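Biologist: Please pick one part of this model and take me through it up close, then follow the trail from there. I'm a first-year student, so keep it plain.

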Amino acid sequence: MPIPNGFAIRYRVDPDGCWRWIGYVSPDGYGRYSTGYPARRDTMAHRIAYVEWVSPIPKGMTIDHLCRVRSCVNPAHMEMTTFQVNIDRRDTTNIGARNREKTHCPKGHPLDEANTMVEINKSGRHRKCRICANARRRLVPA
């Protein structure tokens with residue numbers, strides 16, 4: 001997809017190197033660009049820039065803003081990653097990322113391959129300590 005006419009005048013270069021989108025910015029902070037007049041199609045501006053100046057974005061991949069500025073369209077500030085990597089990098093308060101980094105359960109048992117079981121329920125996938133789960137089972141009357 002070639003860069004649309006007028007795209008280059010919709011960003012400004014900041015001293016930090018970000019190319020900040022000065023066109024429409026959605027409530028979630030991403031620059032948006034309408035293409036395909038008269039059948040308008042709203043596209044994320046950073047994806048247009050990445051495809052034009054770096055490479056196509058394969059299905060299942062997303063673009064991560066390494067500068068953490070969502071309205072930045074500088075392709076040097078972007079990296080193609082999986083959605084999960086992007087989410088994990090996004091926010092250190094992300095509970096899923098924090099839990100994946102844990103190496104031990106709250107009781108101090110290792111969360112390694114031998115001692116970890118995976119429970120899947122309505123809220124998703126959860127790692128459980130096998131030692132703790134066995135101890136809980138022994139305390140519950142059958």
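Modeller: Let's settle the vocabulary: helices (H or I, at least four residues) and strands (E, at least two) are DSSP runs, numbered from the N terminus. You're looking at a predicted model, where local features need pLDDT of at least 70 and side-chain atom pairs count only at pLDDT 80 or more, while totals for chains, interfaces and linings use all residues. Residues are numbered from 1 along each chain as its sequence is written, and side-chain values use heavy atoms, with hydrogens and water left out.

Start at Leu111, in the loop between α3 (95-101) and β7 (116-121). Is that residue buried or exposed? With a relative accessible area of 17%, Leu111 is buried, because the cut-off for buried is under 20%, with exposed over 50% and partly exposed in between (1.4 Å probe, protein chains only). If contact means heavy atoms within 4.5 Å, and residues up to four places away in sequence are not counted, Leu111 touches several residues, including His104, Cys105, Thr116 and Cys129. Leu111 also sits 9.9 Å from Ile131, C-alpha to C-alpha, though they are 20 residues apart in sequence.

Now pick up Cys105 from that list. Cys105 is buried too, at 9% relative accessible area. Does a cysteine make you think of disulfides? A disulfide is a covalent bond between the sulfur atoms of two cysteines. Here a disulfide is taken as a pair of cysteine sulfur atoms within 2.5 Å, and by that rule the count is 0. Take Cys18: its sulfur is 3.8 Å from the closest cysteine sulfur, that of Cys67, so they are too far apart for a bond. Cys18 is buried, at 2% relative accessibility. Back at Cys105, there is no disulfide either, as the nearest cysteine sulfur, in Cys132, is 3.8 Å away.

Next, the rings. Rings of Phe, Tyr and Trp (for Trp, the six-membered ring) pair if their centres lie within 6.5 Å; planes under 30 degrees apart are stacked, over 60 edge-to-face, and the rest tilted. The structure holds 3 aromatic pairs. Trp19 and Trp53 make an edge-to-face one, 5.7 Å centre to centre with 85° between the planes. Trp19 is in strand β2 and Trp53 in helix α1 (residues 45-53), so this pair ties together parts 34 residues apart in sequence. Trp53 is partly exposed, at 40% relative accessibility. Another edge-to-face pair joins Trp21 and Tyr33, at 5.9 Å centre to centre and 80° between the planes. That pair links strand β2, home of Trp21, with strand β3, home of Tyr33, 12 residues apart. Both Trp21 and Tyr33 are buried. Ring pairs also gather Tyr11, Trp19 and Trp53 into a cluster.

Last stop: Ser26, in the loop between β2 (19-21) and β3 (32-35). Ser26 is buried, at 12% relative accessible area. Ser26 and Met44 are 18 residues apart in sequence and 9.3 Å apart in space, C-alpha to C-alpha.
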